[in-house]
Amino acid sequence: DDVEFPIFNASAIDDGDKWDVLAEIDFSEGGSFLLNEDIDDKHLPDILELFAAFVRFGSPEQKHTTWQKDGSVYTAIPQMFIDFAKKCRIDESYRLLRRCLRHALDNRTESLDNKTAKIVLCNGEVGIHLSTPIPASMKKDIYDGDTVLTKDKILCAKCKCKSGAQGKNRNVCVHTKPRGILLSILLAEDLAEHMLLELTSMLTSPAVETDTWNEEQVRKVKESVLTLMEASGNIAIAREAAKKDTLYDMLQPYKTGTQQQKQWDRNHKPPTADEVGPFDEMIFDSPEQKAVEDGTYHSKAGYIAAQKKFQEADLVDGKVIKFHNILDRGYRGNVTAFRADQDCLQPPSSRSDMRFTGKQTIHSGAVARDRSGNERGVRAMKRSGLFSRGFKESMSAKRFSDALLTWGLQVNFMYKPV
């Protein structure tokens with residue numbers, strides 16, 4: 001009773017009398033649910049606003065706790081879930097947010113891309129009913145459950161875990177909000193962009209938006225569209241769209257090829273055969289292979305020649321110590337290396353379904369050992385605090401490079417303090 005969310009008991013999910021179902025959507029079909037005939041056009045602005053809320057983040061400067069510095073989870077999770085958490089717990093809800101994010105990112109948690117959901121309407125507000133299993137954190141158990149959300153409320157939650165709500169219970173467990181976070185992830189992956197494509201197909205002219213929605217609804221759709229553009233990774237497109245006056249102009253980059261062709265046909269007629277005239281010359285592209293062969297690539301890269309020059313100048317007891325170039329299987333660099341008086345080491349190859357001989361197995365293992373050793377050496381170099389923090393504008397690039405080279409030699413070859 002001391003917390004605000006969820007609003008209804010868990011039994012409301014089974015009773016079905018607290019909200020109306022507008023439509024059932026299949027995430028495997030992307031954003032095509034926007035064209036569902038069961039959804040009235042007047043609800044589309046609220047639906048877009050709902051989905052935009054799942055990918056809208058707060059300001060990094062905003063304080064959420066009384067701590068000197070907020071935890072990183074507050075910048076890694078959409079703002080709506082932070083607001084939900086504050087009204088689901090008496091404390092600052094930091095632990096709840098961390099657990100929710102961990103469950104959503106668990107590799108055992110199934111994606112929503114092949115799941116279904118329901119668009120609902122509760123007291124004039126549009127919400128979504130999500131139902132998908134969430135794995136336990138320390139066990140192999142999988143908990144079935146349901147979460148019903150609007151953009152600013154948790155209407156109902158149900159879960160089969162020990163702390164989950166059942167029957168007349170009203171509480172939020174750590175498996176409630178991960179279902180919503182999974183929708184945020186799906187939107188960022190591809191759903192947001194596909195929704196914009198479907199919305200673009202609906203707006204066939206600038207007049208459609210004003211004929212369908214009022215001024216407030218158009219404003220709401222514009223804000224949601226910009227948020228979905230940013231969520232899909234199209235930051236530059238979103239910035240340009242913000243300068244446009246109409247939704248029709250904002251969504252021009254999302255017109256598909258057939259739509260653009262239709263628009264072109266309306267404005268420009270293709271030339272007739274008489275207007276084109278006879279062909280004076282016909283040129284065919286050469287079928288010659290244009291790809292660069294591996295050996296040519298190694299030569300033009302310049303490192304083979306640079307190594308040859310170095311080994312000839314850096315003699316040991318008057319002798320040349322050859323470079324050993326380690327290449328992966330299939331790359332052709334032997335001839336180029338031999339011509340520069342260098343060796344080339346790479347794993348052996350065999351025909352399909354043919355097993356390695358004993359010598360080939362040892363050869364392949366030796367190369368793999370050397371290559372993995374090189375990777376460990378690079379990883380050891382990154383342990384330095386200076387290099388893990390990265391290059392800063394105030395630093396000298398030459399000194400930074402020299403320090404990186406010196407540290408790499410020390411950490412990999414000097415085992416005693418000097």
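In the predicted model, Lys-151 is partly exposed, with a relative accessible area of 34%. Its salt-bridge partner is Asp-152, and the closest N and O atoms of the two side chains are 3.4 Å apart. Asp-152 is likewise partly exposed, at a relative accessible area of 32%; partly exposed here denotes a value between the limits of 20% for buried and 50% for exposed. The contact belongs to a network of salt bridges that links Glu-125, Lys-151, Asp-152 and Lys-153.

The count of salt bridges comes to 15. Glu-49 and Lys-220 form one of them, with an N to O distance of 3.7 Å. This pair connects distant parts of the chain, since Glu-49 is located in helix 2 (residues 44-53) and Lys-220 in helix 7 (residues 215-231), 171 residues apart. Both Glu-49 and Lys-220 are buried. The surroundings of Glu-49 in helix 2 are mostly covered as well: 9 of the 10 residues of the helix are buried. The buried residues of helix 2 are Leu-44, Pro-45, Ile-47, Leu-48, Glu-49, Leu-50, Phe-51, Ala-52 and Ala-53.

A further salt bridge is formed by Lys-308 and Glu-312, with the closest N and O atoms 2.6 Å apart. The two residues are 4 positions apart in helix 13 (residues 303-313), so about one helical turn separates them. Lys-308 has a relative accessible area of 27% and is therefore partly exposed. Glu-312 also counts as partly exposed, because its relative accessible area is 43%. In general, side chains of opposite charge can pair when their charged atoms come close.

Charged residues also form a surface patch. Asp-113, Glu-189, Asp-190 and Glu-193 gather on the surface in a patch of negative charge. Of these residues, Glu-189 is placed in helix 5 (residues 178-202). Glu-189 is exposed, its relative accessible area being 52%, and the cut-off for this class is over 50%.

A search of the whole structure for aromatic pairs returns 9. In one of them, the ring centres of Phe-5 and Phe-84 lie 5.9 Å apart and the ring planes meet at 85°, so the arrangement is edge-to-face. Phe-5 is in the segment before helix 1 (11-15), whereas Phe-84 is in helix 3 (residues 79-86), so the pair ties together parts that are 79 residues apart in sequence. Phe-5 and Phe-84 are both buried. A second edge-to-face pair consists of Phe-391 and Phe-400, whose ring centres are 5.4 Å apart and whose planes are at 80°. The two members of this pair fall into separate accessibility classes: Phe-391 counts as partly exposed at 43% relative accessibility, while Phe-400 is buried at 16%.

The contact between Phe-5 and Phe-84 forms part of a cluster in which ring pairs link Phe-5, Phe-54, Phe-81 and Phe-84. Phe-5 is also involved in a backbone feature, as a cis peptide bond joins Phe-5 and Pro-6, with omega about -5°. Pro-6 is situated in the segment before helix 1.

Positive phi values occur at two aspartates described here. Asp-317, which is not a glycine, has a phi of about 55°. Its place is the loop between helix 13 and strand 8 (324-326). Helix 13 is also the helix that holds Lys-308 and Glu-312. Asp-317 is exposed, with a relative accessible area of 76%. Asp-341, again a residue other than glycine, has a positive phi near 55°. Asp-341 is located in the loop between helix 14 (334-339) and strand 9 (343-345). At 36% relative accessibility, Asp-341 counts as partly exposed, in contrast to Asp-317, which is exposed.

Terms used:
Residues numbered from 1 in each chain as written. Predicted model: local features only at pLDDT ≥ 70, side-chain atom pairs only at ≥ 80, totals over all residues. Heavy atoms only, no water. Patch = residues over 30% accessible without salt bridge, like charges linked within 9 Å, V, L, I, M, F, W, Y side chains within 5 Å. Areas by Shrake-Rupley, 256 points an atom, 1.4 Å probe, with all protein chains shown as cover. Salt bridge = Lys/Arg side-chain N within 4 Å of Asp/Glu carboxyl O. Lys, Arg positive; Asp, Glu negative; His and termini not counted. Charge placed at Lys NZ, Arg CZ, Asp CG, Glu CD. Buried < 20%, exposed > 50% of the residue type's maximum accessible area, 1.4 Å probe, protein only. Phe/Tyr/Trp six-rings, centres within 6.5 Å; stacked < 30°, edge-to-face > 60°.
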